[in-house]
Amino acid sequence: MRSDEMKQNDKPVAIEVKNVVKVYKLYEKLRDRMYDALGLKKKNHKLYYALNGVDLKVYQGETVGIIGTNGSGKSTLLKIITGVLNQTSGEVAVNGRISALLELGAGFNMEYNGIENVYLNGTMMGFSEKEITAKLPEILEFADIGDYVYQPVKTYSSGMFVRLAFAVAINIEPEILIVDEALSVGDVFFQAKCYHKFEEFKEMGKTIIFVSHDLGSISKYCDRVFLLNKGNLLGEGSPKEMIDAFKRVLVGQYEENGENAQELQKDAMNPQVQEYGTRQAEITECYVTDENGVRCSAVLKGTEFTIHMKVKVNDHIPAPIFAVSFKDIKGTEITGTNTMAEKAFLDSVEPGQRKEITFTQKMSLQGGEYLLSFGVTGYNGNNFEVYHRLYDVLNITVVSDKNTVGYYDMDSVTVVKDVEE
């Protein structure tokens, strides 16, 4: 028996997950799903194990972290614990009332005003009208959106929307709080308020499950950490132990070899990518490698990584421009570059040629999920031509030891010193 488990045995169990499996059927074609539903065709799908026999216990008053790359099963597990999803097999027992910060505002009615949505969301969480009314002043003070609470939420900015949603979820005091990448909403002052509330919950002895790509926050707040990878529970232990193991997973060195990195990269590909262009040049492959040259779907913040794109040329092109760009999962374009801006390639290309273009840089984006798009464009005289574009083709996870404000880290050298008056 582990020493940390022995320490916890005198506390009641808040959440217990026993041998939980979640399987999805993946169909190549939409009609195959219909045939399967009608029993007209067999073996027309593949089985995808989002979770594969996961066991874990969370004790009352404990703050537990769950880490892993994109596609490891973190969000699936949280949704099963909160009852949003049903498991394929296995058992889940929850002892306590849950408030989950998973998809902020998912239960909001866009036609209702803020006050009406507070009552709607509170009722959906299982609270009485009397309980919600008692908490209403705290919720409105925390959200701090003024008279907008009397306006339909469809008129809100994205910032006001998440402030109200977060305020509802965190101020109706639950016994168990589940947080999935939700502490970095709003401006820096609101973020500070969110973290202060989070610390209050810990001091009150609430049970907390915390999922984040910000390993600094995982290390600071969590008593224990579970590490998931491709639906399997790889281990549990102290934050330091599991963060070190996670870093080995990212470079394919955790009880697995480089083939695992290849599989992780495949999982990051969008199977329904949007593309268009004249196809005078075609993007045939794109992927990311880490500082060791290993294909990956996750990059440690502060390390060097390389974006690769391979292109087949089908026609004479006087001066092709090869481009890459990053978006967040909300679709906001964050950054990008191209060979013309970098003054890296300004020559013409001919049919039959194949090119590999690489962009190497230090990862300075904050921890989280990002989407990569690729393009081959150029000018034919005065006309701008799109030869091939792939939108949101790769999903990359940035894993961070420290998240600052905004989209990227200025990597400042910071000094505080005493000054004599």
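**Notes on a predicted model: loops, helix packing and a few odd phi angles**

1. Leaving aside residues up to four places away in sequence, S72 is in contact with A50, L228, N229, K230 and G231. This is a predicted model, so please read everything below in that light. S72 belongs to the loop that runs between β3 (63-67) and α3 (74-82). Is S72 buried or exposed? With a relative accessibility of 1%, S72 counts as buried, because the cut-off for buried is under 20%. Its side chain also has a polar partner: the backbone oxygen of T69, at 2.8 Å from the side chain of S72.

2. Carrying on along the chain into α3, the buried residues there include K74, T76 and L77. L78, I80 and I81 of α3 are buried as well. After α3 comes G83, and its phi is positive, near 85°.

3. Now the overall picture. The protein has 421 residues, and 45% of them are buried. Its secondary structure consists of 10 helices and 18 strands. If you take contacts between residues at least 6 apart in sequence, 72% of them link residues at least 24 apart.

4. On to helix packing, beginning with α4 (residues 114-124) against α5. The axes of these two helices are 10 Å apart and the angle between them is about 130°. α4 and α5 are therefore oblique to each other, since 130° is not over 145 and lies outside the 65 to 115 range. As for handedness, α4 and α5 make a right-handed crossing. On the α4 side, the contact is built from I115, V118, Y119, G122 and T123. α5 brings E129, I132, T133, L136, I139 and L140 to that contact. Sorted by class, the residues where α4 meets α5 are 7 nonpolar, 3 polar and 1 charged.

5. α5 (residues 129-143) also packs on α6 (residues 158-171), here at an angle of about 140° with 8 Å between the axes. Which label fits this pair? α5 counts as oblique to α6, because an angle has to be over 145 to be called roughly antiparallel. The α5/α6 crossing is right-handed. From α5, the contact uses K135, E138, I139, F142 and A143. From α6, R163, L164, F166, A167, V168, I170 and N171 take part. That contact of α5 with α6 comprises 8 nonpolar, 1 polar and 3 charged residues. I139 is worth a look in the viewer: it is listed in the contact of α5 with α4 and also in the contact of α5 with α6.

6. I170 deserves a point to itself. It sits in helix α6, and at 0% relative accessibility I170 is classed as buried. What does I170 touch, not counting residues up to four places away in sequence? Its contacts are F142, K197 and F201. I170 and F142 are separated by 28 residues in sequence, with 9.5 Å between their C-alpha atoms.

7. Next, N338 in strand β15 (residues 333-338). Which backbone nitrogens does its side chain reach? A polar atom of the N338 side chain is 2.9 Å from the backbone nitrogen of M340, and the backbone nitrogen of A341 is 2.6 Å from a polar atom of that side chain. Setting aside residues up to four places away in sequence, N338 is also in contact with I321, F322, A323 and F359.

8. S238 is found between β9 (232-237) and α9 (239-250), in the loop. It has a relative accessible area of 28% and is therefore partly exposed. The C-alpha atoms of S238 and R224 are 5.0 Å apart, with the two residues 14 apart along the chain.

9. Finally, two residues with positive phi to check by eye. N19, not a glycine, has a phi of about 45°; it lies in strand β1 (residues 13-27). N19 is partly exposed, its relative accessible area being 46%. R279, also a residue other than glycine, has phi near 65°. R279 is placed in the loop between β10 (274-276) and β11 (281-289), and its 33% relative accessibility makes R279 partly exposed.

Conventions. Residues are numbered from 1 along each chain as its sequence is written. This is a predicted model: local features need pLDDT of at least 70, side-chain atom pairs count only at pLDDT 80 or more; totals for chains, interfaces and linings use all residues. Side-chain values use heavy atoms; hydrogens and water are left out. Helices (H or I, at least four residues) and strands (E, at least two) are DSSP runs, numbered from the N terminus. Buried means under 20% relative accessible area, exposed over 50%, partly exposed in between (1.4 Å probe, protein chains only). A polar contact is a pair of N or O atoms within 3.5 Å; within protein, one must be able to donate a hydrogen and the other to accept it, and residues adjacent in sequence count only if both atoms are side-chain atoms. Contact means heavy atoms within 4.5 Å. Axes are lines fitted to C-alpha atoms, for helices over the stretch in contact, and angles run from 0 to 180 degrees between N-to-C directions. Angles under 35 degrees count as roughly parallel, over 145 as roughly antiparallel, 65 to 115 as roughly perpendicular and the rest as oblique. A crossing is left-handed if the near helix is turned anticlockwise from the far one by less than a right angle, and right-handed if clockwise. Ala, Val, Leu, Ile, Met, Phe, Trp, Tyr, Cys and Pro count as nonpolar, Asp, Glu, Lys and Arg as charged, and the others, Gly among them, as polar.
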